[in-house]
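Here's a quick walk through a protein model for anyone meeting it for the first time. Have a look at the sequence and the fold, then read on.

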Amino acid sequence: MASAHGAGAGLGGAASRRASALAAAVLCLLLVAKAGYAAWAGQAGEVPFVVALFVLPMAYAFPGSRRLVDRYRWPALVVQGVLTWVPFAVFGDRWVVGTGGLLAGLVLLTVRRRVSWLAAGLLLAADIAVRAAVTGLPPAPAEPAWSAVVFAAVAFVDNGLLFFGMARLAQIVDQVEDARSQAAELAVVRERLQAAESLQAAVGQRLDGITASAAAARRALPHDPAEALAQIAAAGITARDAVARARAVTADQRLADPEPPAPAGSMAVVGAGLAWAVLVVVLSAFAAQGINNIFANHDGLGPGILAAAGIVLMMALQLHHSRGARQGGRARAWPLTLALQAVLAYAFFLPFGAADAAVLAPFLAGSVLLLVPRWWRWAGYAAVIASCLALYVTVPPHALAAAVRDPSYVLYLAAVIASTGLMVYGLSWLAGLARELEGLGGELARMAAVRERLRVARDVHDLLGLGLSAVALKTDLIGRLIGRDDTRAATEIDEMARVCAAGRADIRMVTGDGQRLTLDGELAAARQILASAGVQVRTNISDGQLPPPADEVLAPVLREAVTNILRHSAATACTIHATATGNAVRLAVSNDGVTGLAGPASGDGGPGGRTGKGLANLTARVAAAGGHLATRQAGGRFELAAQIPVSPRPSAATGPGQAPAASPAFGRPAGSR
């Protein structure tokens, strides 16, 4: 029987995978930047240490390996600490600046929040102190000590928060998706409980009454036929009332609005606040570094004041753009503000030189990703990176004219722009995504509830319909037999009680608590019920057990076909065929007694071109399994046929290179039984 559990399966996991991939991409670009800087500085021996430093942060970006790092957090922190501090002793003043931020980010992600921020602050202070003691500050004679300290602190904070922010946002998106899926599952469970209660009241209690009437009729039959007849008549009224009540229950449920789900919590709010805080701090750190560079590399207050004004304006524009993304859209007047941001970024190259203009280019790249629609955003992102690199190479900086033409340095600059721009985009987009997912959680839960209601309505029609109809027909038959053939009447009363018990099992199946249908079980029931109605049954069934998917689909098809024969025909003969050919299983049920139904032969539909609710349900079931259902009327006969694909299952004797058995769904070739 089909399950509603997968109502949101198509959505679940996609956003989490995208978030993890984005976090990993930012870390990869940061790794390229650090390795490129080490190579440019002539220290190729540092590159393996740099690569090793990124192994654990990269593992934390993905949910599967993240759980492993969380489980062994203390050994992981020790390993990351060794990789962070040992290179100071090996490379001294040449060790890449800012790499200790990765250790701080890992601490923030794996250690309790209050302790982790204190520990991260202590790591920052230790990094600066060790760098001053081991390498000596300033690293260059012309650079003031305060400038070197600012650069080391900014690099540490940027690397740490970049890693922490992206990984934590990816984790929050994963948690929001889990909460959303749980809300959908709870909605389905709630609908099943409500359906179980409603069906128990509408059908279950009436089946109990029918069973009690059958038992009373059975006791009264030998000595009081009139009482037995009265009990059977009451059972017939109750059975027909149960059919009407079951239909009313499903109709009422489908019309009612699903109960709104409980709030999923504040994870998305936490994620949005975290992303905003990290973005503001990173922007502030870049601004401080940019102003630091201007004051360190240019004489007088004029250039510094001009740079500070431009950088503050750039920050305001970036926050404006990111705020729009957090709210799930684009910032107001974004073409104008993006153009102004581009003018600022490129104008910085003229008065300050290529090296000092680096602070603005990454944010322009991030804004392009946030604002430009569709795939053009990635073309614009690449264009910003390429144009800035061209300016770095062609516009002479004041002190690094030869250095910027080194391929390693160009690679370093490209990776810095790309990683920071992607980080700006990622923090803003992930915050908006977390909010969007949390908002969609309620809609997904409602969709799951509606889908479950449709499934219950379909299963009530397909599964309960036959049993209730069979009980009603049996009461008519028993009423005719009492006084004429009491022995057969007693047998039919016993069979009616068995059908009632099966109906109770069908209620549990409809609400997801019972065992699945099997074609063998339905075939046995069809023989008994059709025989009770005076219909001769012929079967041609392949031996062997159907694979579960085929069994679950074809069993309701057979039940509905038998129900239609009982309700809508005057059949005297019925033929049931089930065969396996190649990679498909086909079930065909045909009967006579349809001459009174006017209309031409139908293709997909019911007799005379009419398509009933039951056939529509079956068409949906078979189509969901990748199959096809068709009906045909000709020569006074009506045939319903369903065919679904199944995966081949080689026999136990099949070895390498051997062909599978001729009938993959059954054990032996088709035969009669």
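Start with E46: beyond its neighbours within four places in sequence, E46 touches A38, F91, R94, W95 and V96. You'll find E46 in helix α2, which covers residues 46–53. Is E46 buried or exposed? E46 has a relative accessibility of 0%, so it counts as buried, the cut-off for that being under 20%.

Now for the nonpolar cores. The largest one has 100 residues, and F54, F163, M166, M423 and L430 have the most contacts inside it. Helix α16 (residues 407–481) supplies the largest share of this core, with 14 residues. Take L430 as a sample: leaving out neighbours within four places in sequence, L430 is in contact with A19, L22, M166, L169, A170 and V173. There's also a second, separate core of 71 residues, and V499, C574, V585 and V646 are among them.

How far can you trust all this? Keep in mind that this is a predicted model. The protein's mean pLDDT is 75, with 72% of residues at 70 or more. The two helices at the ends of the confidence range are these:

| Helix | Residues | Mean pLDDT |
|---|---|---|
| α3 (highest) | residues 55–60 | 92 |
| α13 (lowest) | residues 349–356 | 61 |

Two stretches call for extra care. Over residues 1–12, pLDDT stays under 50, and the model has 28 contacts for them beyond four places in sequence. Residues 596–611 also stay under 50, with 37 such contacts. Where pLDDT is low, the predicted coordinates shouldn't be read in detail.

Note on methods. Residues are numbered from 1 along each chain as its sequence is written. This is a predicted model: local features need pLDDT of at least 70, side-chain atom pairs count only at pLDDT 80 or more; totals for chains, interfaces and linings use all residues. Side-chain values use heavy atoms; hydrogens and water are left out. A nonpolar core is a set of buried Ala, Val, Leu, Ile, Met, Phe, Trp, Tyr and Cys residues joined through side-chain atoms within 4.5 Å. Buried means under 20% relative accessible area, exposed over 50%, partly exposed in between (1.4 Å probe, protein chains only). Helices (H or I, at least four residues) and strands (E, at least two) are DSSP runs, numbered from the N terminus. Contact means heavy atoms within 4.5 Å. pLDDT is the predictor's confidence in each residue, from 0 to 100.
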